[in-house]
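Grab a coffee and open the viewer beside this page. Below are some short exercises, each followed by a worked solution.

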Amino acid sequence: MKRFLAIFMTVLLLALTACSSSAGNEEKKSSDKDVVEINFFHRWPNEPRKSFYDQKIKEFEEANPGVKINVNSVLNDSYKEKIRVLVSNDDLPDIFSSWSDSFAENLVSSGRIMELDNILAEDSEWAGKVIESQFAGFTFDEKKYGVPFTVDGKAFFYNKEAFKKNNLEVPKTYKEFIAVLDKLQDAGYETPLVEGLTNAWAISHYMGTIFQRVVDPAVTAKDYNVETGEFTDPGYIKGLEIFKELTDYMGDLSTAIDHEAARNMFASGEAPIVYMQFAEVKMVEDEGMKDFGFFDFPEIEGGKGDSKALTGAPEGWMLSKNAPKEAVDFLKFLTSEETAYDFTKTDGQLNAVQGAVDEGNTSPARLEAYELVTNASATTPWFDNAVNINIADIFMRGGQTLANEQTTPEDIMKEVQAEAKRLKK
Amino acid sequence: MQRRKFNIIPVLFLLPSIALLLVFVYIPLIQNFYNSFFDFSVFSQTKTFVGLENFKNLLADKVVSVALLNNVKYAIISVVLQVGLALVLAYILEDKLFHRVAPFLRVVYFMPVMISISVVALLFGFVYNPQMGLLNSFLELIGLENLKEVWLGNPETAIYSVIAMSQWHSIGFVTLLFIVAIQKIPKELYEAADIDGAGKIRKFFSITVPQVREAIFVNTLITITGSMLVFNEPYILTNGGPGFSSTVMSVHMYQTGFVKDNMGYASTLAIIIFLLTAVLALIQIKLSRTGKDD
């Protein structure tokens, strides 16, 4: 009996260790010589995008009999984690979705992402259709590493009815904007402007835009780079003062709610203005709010920045360095005008392919947003993607305490400067 | 004394659990210690050796002191309410007066323990909502408008709001432990006290408290250790904000490692948390040995 037990335990142990190793082994690919397999990884296991991509894969496979596409998808935050693990070894999928700027830059720094310049140059008919300004977030060292697909931007959404009732015009400058907020406050709105400040990223969106309006682009370009950043320009302090002034209109409430609550307050007509992404238009429409418009963050008097640039960053597709040429074909298929048109029709989010957004597949409100995006002189990435996360965190946390009057813009900048110095090492 | 023959069987039985402990507890612990001397991110495959740099940063990090202080606040309030109040609650529930309703009340107090803390945190997000939240509406209803507060948005109240939720969530559990302890006290002691003419308060201090001394001790340590490790409550309710006002050590560690991508320094913070809890555990082992007299 003892002997039996001993053997039994040994077997159990062996089984335990065997489990872990067998899980790591990948199935041998049944390499029928003619069939090329493409691994496709995206971040939308939720509807409607999952079905949309499943459908498109089927279409592509039918048109290209020699290709088989293995698809895999996980949701937003898990995607970020999983892609980090995948990029650190050779299991990187052939084609996958990516955010722009620092997220993309991190992936590119692994050296496992394909440069797309030659591919884009070879097929100018396809490449020319993608809105050029959207490539910026995927371009590093003047080489393009991704093809932008969905576009987004941030603008003030305003309640047209509230504006009409109080005889208000869409503000063109920051001074006018403050005047509008004052009038709305006098008209009885407790929070003429609302934001969910518990979401740090919502603060970063404000700051990114404000700095972009106030500070000279050459200075921000230098400061946003970890290697050269100093953040000594007085424009940042002015920017933080402007942010502080805006939070005064948001009331105490905003420090305790999240962005979703703020959006709902706008949709219910309780707050007349909110700073939101175009990706949220459909959500506001679904809540029953129909009569609203947008305006870009107004020009700030005396600002040295570009007053016409739009804050917003695209998401797009990347290829692995070792991807077969069929994956390139699939990329072209995914970003073709036809696919893009269907995409916006099904999903509602706008895309970066010219000719793929019109009255036929989108609402008038979203079309207005689309025009803002495509007419922008330049796009500024989301601030938390544009600068090192340690810097962004000081600004975001600082924004929260600033709204609570627990700190001053000068103190925040001192902290930022110290951190910038530390990171430069 | 007879010398026992070495027997392989018990060792084999212990092996799987030792192996699992090694893989999931001891090796990560040692690895964490090792990592704290490096500077690295999740993306880069290279680690740079920085020696004691991370520990130097620790001393300069203002957030650490805020977070530690918050942990201490957490511990003190939890001990007072979860151990102190729970003991009183248990005593009342065990009183003859409540004989009929006690089983029902026990369920009522224990119910929150069974709800996942994430759900509780989301729920309290609504309770604390400054505009339509339960708490502010209630204050308004009873005429205490001037006490209305932006509970989670105000740096002065945020951490206390989080702690309060935690008390609501766990007091039932500690109460139940005390009820069990009180039920083990011999009835004769109370009967004798009755004959001597002792009142309820007198009996509480002279009989109940000394008799459940061991339980008080264990619960206090569990509560303090729990307060040092607390993560879910502040993370979900406030994410440590506004600013860093409701940040605790584990939230700071998580954000340093997984948000700011500074794994080396996060490991250093983890060591601090480990040391704190290890010291507490040692005190527990040491003291519980002396309390073996009953």
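## Exercise 1: A phenylalanine in a loop

A:Phe231 counts as buried, because 28 C-beta neighbours lie inside 10 Å. The model used here is a predicted one.

**Task.** Find the loop that holds A:Phe231, then describe the phi angle of this residue.

**Solution.**
- Step 1: Look between helix H10 (217-224) and helix H11 (235-250) of chain A; the loop there contains A:Phe231.
- Step 2: Check the backbone. Phi of A:Phe231 is near 60 degrees, which is a positive value in a residue other than glycine.
- Step 3: Put this together with the burial: 20 or more other C-beta atoms within 10 Å make a residue buried, and A:Phe231 has 28 such neighbours.

## Exercise 2: A glutamate to set beside it

**Task.** Is A:Glu405 buried or exposed? In which loop does A:Glu405 lie?

**Solution.**
- Step 1: Go to the loop between H18 and helix H19 (409-424) of chain A, where A:Glu405 lies.
- Step 2: Count the neighbours. A:Glu405 has 11 other C-beta atoms within 10 Å, and the cut-off for exposed is 12 or fewer, so A:Glu405 is exposed.
- Step 3: Read phi, which for A:Glu405 is near 60 degrees, a positive value in a residue other than glycine.

## Exercise 3: Two helices that cross

**Task.** Describe how helix H9 (residues 200-214) and helix H18 (residues 389-403) of chain A are placed relative to each other.

**Solution.**
- Step 1: Recall what is needed. Two packed helices are described by the angle between their axes and the distance between the axes.
- Step 2: Take the values for this pair: the axes of H9(A) and H18(A) come within 9 Å and cross at roughly 100 degrees.
- Step 3: Name the arrangement. Angles of 65 to 115 degrees count as roughly perpendicular, so H9(A) is roughly perpendicular to H18(A).
- Step 4: List the residues that meet. H9(A) brings A:Ala200, A:Ile203, A:Ser204 and A:Met207, while H18(A) brings A:Ala392, A:Phe395, A:Met396, A:Gly399 and A:Gln400.
- Step 5: Sort this contact by class, which gives six nonpolar, three polar and no charged residues.
- Step 6: Consider the spacing. An α-helix has 3.6 residues a turn, so residues three or four places apart point the same way.

## Exercise 4: Chain A as a whole

**Task.** Sketch chain A, starting from its overall content and ending with its domains.

**Solution.**
- Step 1: Chain A contains 19 helices and 13 strands.
- Step 2: Its C-alpha trace spans about 85 × 60 × 45 Å along the principal axes.
- Step 3: Of the 425 residues in chain A, 44% are buried.
- Step 4: Among contacts in chain A between residues at least 6 apart in sequence, 78% link residues at least 24 apart.
- Step 5: The domain assignment gives domain 1 (36-152 + 313-374) and domain 2 (154-311 + 388-424). Their C-alpha centres are 29 Å apart.
- Step 6: In the contact of these two domains, domain 1 of chain A supplies 11 residues and domain 2 of chain A supplies 12 residues. The domain 1 side has five nonpolar, three polar and three charged residues.

## Exercise 5: Where the chains meet

**Task.** How many residues of chain B are in contact with chain A, and which element gives the largest share of that side?

**Solution.**
- Step 1: The contact involves 27 residues of chain B and 26 residues of chain A.
- Step 2: On the chain B side, H1(B) provides the largest share, six residues.
- Step 3: By class, the chain B side has 16 nonpolar, nine polar and two charged residues.
- Step 4: Now follow H1 itself. This helix (residues 8-35) of chain B bends by about 45 degrees at B:Leu22.
- Step 5: One of the 28 residues of H1(B) is buried, so this helix lies largely in the open.

## Exercise 6: A valine in chain B

**Task.** Which residues does B:Val230 touch, not counting those up to four places away in sequence?

**Solution.**
- Step 1: Locate B:Val230 in the loop between H10 and helix H11 (232-237) of chain B.
- Step 2: With 23 other C-beta atoms within 10 Å, B:Val230 is buried.
- Step 3: Beyond that sequence limit, B:Val230 touches B:Tyr74, B:Val248 and B:Ser250.

Methods. Residues are numbered from 1 along each chain as its sequence is written. Chains are lettered from A and ligands numbered from 1 in the order in which they are written. This is a predicted model: local features need pLDDT of at least 70, side-chain atom pairs count only at pLDDT 80 or more; totals for chains, interfaces and linings use all residues. The bend at a residue is the angle between axes fitted to the seven residues ending there and the seven starting there. Helices (H or I, at least four residues) and strands (E, at least two) are DSSP runs, numbered from the N terminus. Domain bounds come from an automatic or database domain assignment. Two residues are in contact if their C-beta atoms, placed from the backbone, lie within 7 Å. Ala, Val, Leu, Ile, Met, Phe, Trp, Tyr, Cys and Pro count as nonpolar, Asp, Glu, Lys and Arg as charged, and the others, Gly among them, as polar. Axes are lines fitted to C-alpha atoms, for helices over the stretch in contact, and angles run from 0 to 180 degrees between N-to-C directions. Angles under 35 degrees count as roughly parallel, over 145 as roughly antiparallel, 65 to 115 as roughly perpendicular and the rest as oblique.
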